[in-house]
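Student: I am new to this structure. Please take me closely through one helix and the parts around it.

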Amino acid sequence: MTYNMKKLNPWNNIPKSNNSTLLKIDKNLKIEFDSNTTFLARGEGRSYGDVCLNNNGTLIDTNNLKKILYFDELKGVVECEAGITIKELLEYLIPKGWFLPVVPGTSYVTLGGAIANDIHGKNHHKSGSFGNFVESLNLLSSEDKVYLCSPDKNQEKFSATIGGLGLTGLILSAKIQLIKIENDLIDSKSIKFNSLDEFFELNEQLENNNEYTVSWIDINLKTKNLRGIFHVGNHSKNIKNYKFKNKKIFSFTLPLVQRFSLVNNITINLLNNFYFWANKNDAVKKQYYRSFFFPLDFIKNWNKAYGKKGFYQYQFVVPDENSKTVLYEVIDLVSYYKQRPVLSVLKTFGKIESKGLMSFPLSGLTLAMDFQNKGSKTLEMLNELDKIVRKNNGRIYIAKDCRMGKDSFKSFYSNFVEFSKFIDPNFSSTFLKRVS
């Protein structure tokens with residue numbers, strides 16, 4: 001084991017991290033747990049908030065845990081260590097004709113992070129969240145004991161660990177059920193819409209017959225209306241003599257964190273106009289899976305474009321019965337504060353229940369919005385958004401949060417009292433300290 005003192009910020013650069021001890025695990029997976037400090041696993045640090053921080057504590061770097069331990073190519077079951085990324089795992093699985101059942105919007109997420117945040121994808125309406133496909137996991141406690149957790153063994157600990165924010169112990173490895181594919185292409189289609197009513201009409205028409213659905217939306221602060229692109233996709237089939245490409249996608253990296261934000265009303269308008277007009281109402285086209293699932297990976301560190309102040313991502317879900325009313329309230333509110341979302345993604349969650357005690361998804365509509373950090377004005381707006389979500393029986397995604405208050409958290413996650421029984425006494429996070 002090696003120790004380093006580091007300041008590791010979350011993906012959105014808010015909040016700023018205090019010094020943490022970064023612990024790199026050796027090949028023997030031996031950790032000396034010290035009762036004088038708290039521990040937390042950290043993978044790629046792609047959370048938009050403080051669930052991946054442990055100020056004045058120890059972060060366990062899982063990037064050395066990348067082994068594929070077992071693969072059943074007939075049944076499509078893979079077991080691997082928790083530090084392997086979605087990108088690395090797909091590169092191994094796809095040539096063998098298998099795919100992960102749920103993937104997030106970036107491939108730079110570790111398996112452990114996917115479980116700890118119970119990630120959701122563009123197919124939640126069909127498949128539910130990632131935790132529904134975890135057959136078992138190995139969890140290391142601060143007592144230096146490894147628990148095999150599954151729906152049949154240590155079931156309560158299993159349920160607490162899925163979506164458990166890394167607080168139940170260190171996930172060492174997990175066994176995942178995969179889905180069969182014939183190639184690495186997606187049959188995709190994009191449809192423009194110019195109002196919220198049009199979105200709901202398209203969603204009703206397209207959701208049942210498409211595995212993957214998601215919408216990019218652009219909120220007009222002046223008219224209090226929106227426009228968007230409804231994207232759908234399915235894994236391609238029946239292509240004769242197809243060879244898996246595993247081709248490289250061109251990408252680039254911003255050189256440094258900008259002293260000032262490259263994101264402003266002018267650039268937002270330019271980018272949104274370009275994106276809207278560049279996406280035509282084409283017939284179904286074959287698209288390489290990376291460009292369909294992970295478009296933002298094109299710029300590896302796009303978060304730096306927001307400058308040193310960082311940005312906020314706000315993602316909520318509300319039940320179907322109130323969803324349209326809520327969206328109109330949200331549009332009115334962001335218009336009142338004159339803060340146009342830089343990027344907004346709208347989609348629906350299905351009725352498949354998550355296995356995790358603290359999982360985010362519930363049946364309804366979910367919207368994720370990126371906002372420039374304009375200080376107290378932005379925080380005031382986000383607090384007002386909390387009130388709208390609370391009164392409509394919704395909740396906020398913890399993995400995207402860095403400022404929600406204690407009262408809001410307890411309202412959104414009533415299962416926390418039950419979940420807290422399974423928190424390892426030597427594990428903690430900046431998030432836990434903030435909301436406890």
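Tutor: One definition comes before the rest: a residue is buried when its relative accessible area is under 20%, exposed when it is over 50%, and partly exposed in between. Keep in mind that this is a predicted model.

Now take helix α8, residues 323-336. Helix α8 has 14 residues. From its first C-alpha to its last it reaches 20 Å, close to the 20 Å expected at 1.5 Å a residue. Which residues of α8 are buried? They are Ser323, Val326, Leu327, Val330, Ile331, Leu333, Val334 and Ser335. After the helix comes Lys338, with a positive phi near 55 degrees.

What does α8 lie across? It lies across β13, β14 (225-235), β16 (311-318), β17 and β18 (364-372). Helix α8 runs at about 10 degrees to β18.

Look next at the sheet. It is open and has 8 strands, in the order β15-β12-β14-β13-β17-β18-β16-β19. The pairing is antiparallel. At the edges stand β15 (285-288) and β19 (395-396). Each has a single partner strand, so one side of each is left without a neighbour in the sheet.

Pick out one pair of strands within it. Strand β13, residues 212-220, pairs with strand β17, residues 343-349, in the antiparallel sense. There are 3 bridges between β13 and β17. Trp216 has Val345 in β17 as its bridge partner.

A second helix, α9 (residues 376-391), also lies across strands: β16, β18 and β19. Its direction is about 10 degrees from that of β16.

Now the nonpolar core. The largest one has 106 residues. Ile176 and Phe316 have the most contacts inside it. Helix α8 gives the most to this core, with 6 residues.

Follow Phe316 to see what surrounds it. Setting aside neighbours within four places in sequence, Phe316 is in contact with Val326, Leu327 and Val330, among others. Those three residues are among the buried ones of α8. Other contacts of Phe316 include Phe360, Leu365, Thr366, Leu367, Met369, Val389, Arg395 and Ile396.

Charged pairs complete the tour. The count comes to 16 salt bridges. One of them joins the side chains of Arg290 and Glu91, 2.8 Å from N to O. Arg290 lies in helix α7 (residues 289-293) and Glu91 in helix α1 (residues 86-93), so the pair ties together parts that are 199 residues apart in sequence. Arg290 counts as buried, at 15% relative accessibility. Glu91 is partly exposed, at 26%.

Helix α9 holds another pair. Glu384 forms a salt bridge with Lys387, with the closest N and O atoms 3.1 Å apart. The two are 3 residues apart in α9, so about one helical turn separates them. Glu384 is partly exposed, with a relative accessible area of 26%.

One more pair is Arg434 with Asp401, whose closest N and O atoms are 2.8 Å apart. This salt bridge links distant parts of the chain, 33 residues apart. Arg434 is in helix α12 (residues 430-435), while Asp401 is in the loop between β19 and α10 (406-412). Is Asp401 buried or exposed? Asp401 counts as buried, at 2% relative accessibility. Arg434 is partly exposed, at 22%. Both belong to one network, in which salt bridges that share partners join Asp50, Asp386, Asp401, Arg403 and Arg434.

Definitions and conventions
Residues numbered from 1 in each chain as written. Predicted model: local features only at pLDDT ≥ 70, side-chain atom pairs only at ≥ 80, totals over all residues. Heavy atoms only, no water. Pairing = 2+ DSSP bridges. Helix = DSSP H or I, 4+ residues; strand = E, 2+ residues; numbered from the N terminus. Contact = heavy atoms within 4.5 Å. Axes fitted to C-alpha atoms, helices over the stretch in contact; angles between N-to-C directions. Core = buried A, V, L, I, M, F, W, Y, C linked by side-chain atoms within 4.5 Å. Buried < 20%, exposed > 50% of the residue type's maximum accessible area, 1.4 Å probe, protein only. Salt bridge = Lys/Arg side-chain N within 4 Å of Asp/Glu carboxyl O. Expected span 1.5 Å × (residues − 1).
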